[in-house]
Amino acid sequence: VQDVRELPILAGTPPGSYTIDLVVYGMHGEEWLLPSGDPEVLLGPVDIPLDSAPSIDDLDIEHTLSHNLAGKVELLGYNVDNGGRAGAGIHLTSFWQALQSMDTSYTVFTQLIGPDGKVWGQKDNPPAAGFHPTDSWTPGELVRDQYDIPIGADAPPGNYQIHLGMYLPETGERLLLVDDQGNALGDHVALSGLDVTR
C-alpha cells in the first residue's frame with residue numbers, strides 16, 4: 001500500500017535536520033499499532049532550509065505584541081493554551097524576530113506565575129530546545145519557538161501569567177525591554193489570562 005502524505009512546514013520553523021515520527025492507530029484512536037522492537041518509527045533525516053522570505057502574517061500569531069529586547073530581538077507575539085490543570089502543563093509558542101546578528105547564545109525563560117505571585121512552573125532553554133540558538137540567527141529572521149511549561153501538582157486554581165524573556169546563561173543577566181528611545185522598561189514580558197484548575 002502506497003500512502004502519500006504532505007506535511008506543511010509552519011512558517012518560522014527553525015532550519016536544520018529533522019525526523020518524522022510515524023504512528024499508526026485505529027480510526028477512532030482507541031488502538032495504537034506499535035512496531036515490534038523499537039517503540040517508535042522515525043523517518044528521515046529531512047533537511048529544512050531557512051525560510052528566506054516568510055511574512056509575519058504567515059505565522060498565524062493569535063496574540064500580537066511588539067517588545068524590543070535590548071535592540072537584539074523582538075517578541076512579535078504568542079499562541080498559548082487557554083489554561084490547564086495542576087500537575088499537567090501549558091503549551092506556549094512564542095514568535096521572535098532577530099533585529100541584528102548576535103555572537104551570544106541567549107537562553108529563553110518562561111515562568112508560570114500564580115495569583116499568589118509564586119512561580120508554579122518554569123521552562124528555560126535556548127530557542128527551539130537548543131536546536132536554533134540566537135547566535136545562529138540572521139537579521140530579520142522569524143523564529144517559531146515552542147515550550148511545554150509544567151504546572152506544579154499543588155498549584156492553586158486561579159488566573160496565571162507567563163513571564164517571558166531572555167538571559168545570558170553565564171551570568172543570569174536578562175535582556176532588558178526598551179522603548180524607541182532606548183529607555184529600559186523591565187526585564188520580562190508578562191503574558192496574562194491563563195486559567196489553572198484542579
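How many of the 198 residues of the protein chain count as buried? The share is 35%. The model is predicted. My points follow.

1. Overall make-up. The protein chain holds 15 strands and 0 helices. Its C-alpha trace spans about 60 × 45 × 35 Å along the principal axes. Take the contacts between residues at least 6 apart in sequence: 67% of them join residues at least 24 apart.

2. Surface. The exposed area of the protein chain is about 11600 Å². Carbon and sulfur atoms supply 51% of that area.

3. Charge balance. The protein chain carries 8 positive and 29 negative charges. The mean positions of the two sets lie 10 Å apart.

4. Negative patch. Where does negative charge gather on the surface? One patch brings together D51, D57, D58, D60 and E62. Two of its members can be placed in the chain. D57 sits in the loop between β4 (41-48) and β5 (63-69). D60 lies in the loop between β4 and β5 as well. D57 has a relative accessibility of 67%, so this residue counts as exposed. D60 is also exposed, because its relative accessible area is 57% and the cut-off is over 50%.

5. Backbone at D60. D60 deserves a second look for its phi. The angle is positive, about 55°, and D60 is not a glycine. Most residues other than glycine have a negative phi. So D60 joins an unglycine-like identity to a positive phi, in a loop, at an exposed site.

6. Backbone at A128. What is the phi of A128? The value is about 55°, positive, although A128 is not a glycine. The residue is found in the loop between β10 (119-125) and β11 (142-150). Is A128 buried or exposed? A128 is buried: the relative accessible area is 17%, and the cut-off for buried is under 20%. D60, by contrast, is exposed.

7. Cis peptide. Which residues does a cis peptide bond join? They are G44 and P45, with omega about 10°. Most peptide bonds are trans. P45 belongs to strand β4.

8. Salt bridges. How many salt bridges are there? The count comes to 2. One pairs D3 with R5, at 2.8 Å from N to O. D3 counts as exposed, at 51% relative accessibility. R5 is exposed too, with a relative accessible area of 65%.

9. The other pair. D187 forms a salt bridge with R174. The closest N and O atoms are 3.4 Å apart. Why does this pair tie together separate parts of the chain? D187 lies in the loop between β14 (184-186) and β15 (189-197), while R174 lies in the loop between β12 (158-167) and β13 (177-178), so the pair links parts that are 13 residues apart in sequence. Both residues are partly exposed: D187 has a relative accessible area of 30%, and R174 has 27%.

10. Nonpolar patch. L7, I20, L22, V24, L43 and V46 make a nonpolar surface patch of about 470 Å². Which elements give two or more residues to the nonpolar patch? They are β1 (16-22) and β4. L7 comes from the segment before β1. At 58% relative accessibility, L7 counts as exposed.

11. A buried threonine. Where is T93? The residue is in strand β8, residues 89-98. T93 has 6% relative accessibility, so T93 counts as buried. Which residues does T93 contact, leaving aside neighbours within four places in sequence? The partners are G77, Y78, N79, R144, D145 and Q146.

12. Where to look. Strand β4 comes up under several headings. P45, of the cis peptide bond, is in β4. The same strand gives two or more residues to the nonpolar patch. The loop between β4 and β5 holds D57 and D60, both members of the negative patch.

Terms used
Residues numbered from 1 in each chain as written. Predicted model: local features only at pLDDT ≥ 70, side-chain atom pairs only at ≥ 80, totals over all residues. Heavy atoms only, no water. Patch = residues over 30% accessible without salt bridge, like charges linked within 9 Å, V, L, I, M, F, W, Y side chains within 5 Å. Areas by Shrake-Rupley, 256 points an atom, 1.4 Å probe, with all protein chains shown as cover. Salt bridge = Lys/Arg side-chain N within 4 Å of Asp/Glu carboxyl O. Lys, Arg positive; Asp, Glu negative; His and termini not counted. Charge placed at Lys NZ, Arg CZ, Asp CG, Glu CD. Helix = DSSP H or I, 4+ residues; strand = E, 2+ residues; numbered from the N terminus. Buried < 20%, exposed > 50% of the residue type's maximum accessible area, 1.4 Å probe, protein only. Contact = heavy atoms within 4.5 Å.
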